[in-house]
Amino acid sequence: MTTLLASAARILAIIALVYVVILLLYTLFQRNLIYYPQTASETSLVAQAKANGLEPWRNSSGDLIGWIGRSEFDTAQPTRRILVFHGNAGNAVVRDYFVSLFNQGEFNWQVYLLEYPGYGARSGRPSEKAFVTAALEGFDLLQTDNEGPIFLLGESLGSGIATQLAAQRSDHVTGLLLITPFTRLADVGRHHFPWLPINTLLRDRYDSKAALHHYHGPVAIVTAEHDTIVPAKFGRELYEHYAGPKIYIQLEGRGHNNIGYHPRDPIWSEVVHFLVGKQEG
C-alpha cells in the first residue's frame, strides 16, 4: 500500500511539474502563439502593392505604415474614408479585397490598410500596446489631413484594435464594422485552452466589451456560423452587450477563413447602408 501511494505521489508530482513547465512556456512565449506576422522587404511589398492597386501610406517621417486603396469613382464626389485593421496572420498588403469590397457600390470610399508593428516591413514587435499606438497614429494622421468622417473596420484580431481606437477617439469615429470579433481575447483563450489560467497569464487583453462602453456610434457586427477560431457566440455577446445603434449579421455556412468578401454580396451592401445611413441620419 505504501509503495502504491509513493508511486501515485510521484506520478502526481510529474504531472504537476509538466503543468508548471507548460505555464512557464506559455507565459514566456505567448505572443509567439498569438501573433503570426508575415514579413518582407519594403521594396518587394511596394511592388506587390502596386500590382494590387495599392499605394504606400507613410507617416510624417516617411515611414511606411500601411497602404491606400483609392476609389475608381469620380473624385469630385464626397469621399468616405475607412481605416482597416486586418486579422492576425499575414500582413496588410494582401488585404486589397477590402478596397474592392467598398468600391463596388454607390458610395465613394478611400480605404486605408494599417500595417502592424512587426508585420510586413514595419519595425517593432507585435503587442496590444504597439498595435493600439500604431492605430492612434494612423487615425490622427488622417484627422490631420482631413477632419471628415472616418469609419473603422476590424477583422478578427483587428476588431480588438478597432474597439480600443473607437474608445479613445469616440467623438471622431463615424462608424464601426467588426468582422468575426470577440468580447475579450481571454474569452477566446479559455475556449481553446480551458485547462490554463488564461486570465492570469495573458498580457494582451483586447477587451472590446469594456472598450465599447466609451463609444456610442453605429456598430455593425458580422460573424461566421462555423467559425472554430473565434466562435460566433462571442460576436453575438458583444452585439447584445452594446447599447448604441447596431446591426448583427451571421454568415451562414461560413468559417473564420472563408468569410467571402464578395463585393456584390448583398450582406455587405446592407452593412454599408446601415453605417452610412446612421452617419447621414
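What percentage of the 281 residues in the protein chain do buried residues make up? Buried residues account for 51% of them, where buried means under 20% relative accessible area, exposed over 50% and partly exposed in between, with a 1.4 Å probe and protein chains only.

Before you start clicking, two notes on the model. It is predicted, so local features need pLDDT of at least 70 and side-chain atom pairs count only at pLDDT 80 or more, while totals for chains, interfaces and linings use all residues. Residues are numbered from 1 along each chain as its sequence is written, and side-chain values use heavy atoms, with hydrogens and water left out.

**Stop 1: the whole chain**

Show the cartoon first. You should find 10 helices and 8 strands; these are DSSP runs numbered from the N terminus, helices being H or I with at least four residues and strands E with at least two. Switch on the surface, and the chain exposes about 13,500 Å², 55% of it supplied by carbon and sulfur atoms (Shrake-Rupley method, 1.4 Å probe; for residues, only the protein chains shown count as cover). Contact here means heavy atoms within 4.5 Å. Among contacts between residues at least 6 apart in sequence, 74% join residues at least 24 apart.

**Stop 2: the sheet**

Now select the strands. They form an open sheet of 8 in the order β1-β2-β4-β3-β5-β6-β7-β8, with mixed pairing; two strands pair if DSSP finds at least two bridges between them. β1 (55–58) and β8 (246–251) are at the edges with a single partner strand each, so one side of each has no neighbour in the sheet. On average, neighbouring strands are turned by 20° against each other, direction ignored. Axes are lines fitted to C-alpha atoms, for helices over the stretch in contact, and angles run from 0 to 180 degrees between N-to-C directions.

Zoom in on β6 and β7 (residues 219–224), which pair in the parallel sense over 4 bridges. Ile 179 stands opposite Val 222 in β7. Next, add helix α9 (residues 232–241): it packs on the sheet, touching β6, β7 and β8, and its direction makes about 165° with that of β8.

**Stop 3: Thr 180**

Select Thr 180, in the loop between β6 (173–179) and α6 (185–192). Thr 180 is buried, at 4% relative accessible area. Beyond its neighbours within four places in sequence, its contacts include Ser 156, Val 222, Asp 227 and His 256. Try a distance label too: the C-alpha atoms of Thr 180 and Glu 225, 45 residues apart along the chain, are separated by 9.9 Å.

**Stop 4: Asn 59**

Move to the loop between β1 and β2, where Asn 59 lies. Is Asn 59 buried or exposed? Asn 59 counts as buried, because its relative accessibility is 14%. Its side chain reaches the backbone nitrogen of Asp 63 at 2.9 Å, and a polar atom of that side chain lies 3.0 Å from the backbone nitrogen of Ser 61. Leaving aside neighbours within four places in sequence, Asn 59 is in contact with Ile 65, Glu 137 and Leu 141.

**Stop 5: the nonpolar cores**

Finish inside. A nonpolar core is a set of buried Ala, Val, Leu, Ile, Met, Phe, Trp, Tyr and Cys residues joined through side-chain atoms within 4.5 Å. The largest has 48 residues, of which Trp 57, Leu 83, Phe 85, Leu 152 and Leu 176 touch the most other members. Helix α4 (residues 128–145) gives this core its largest share, 8 residues. Apart from it lies another core, of 35 residues, among them Ala 49, Leu 54, Leu 64 and Val 276.

Conventions. Polar contact = N/O pair within 3.5 Å; in protein donor to acceptor, adjacent residues only side chain to side chain.
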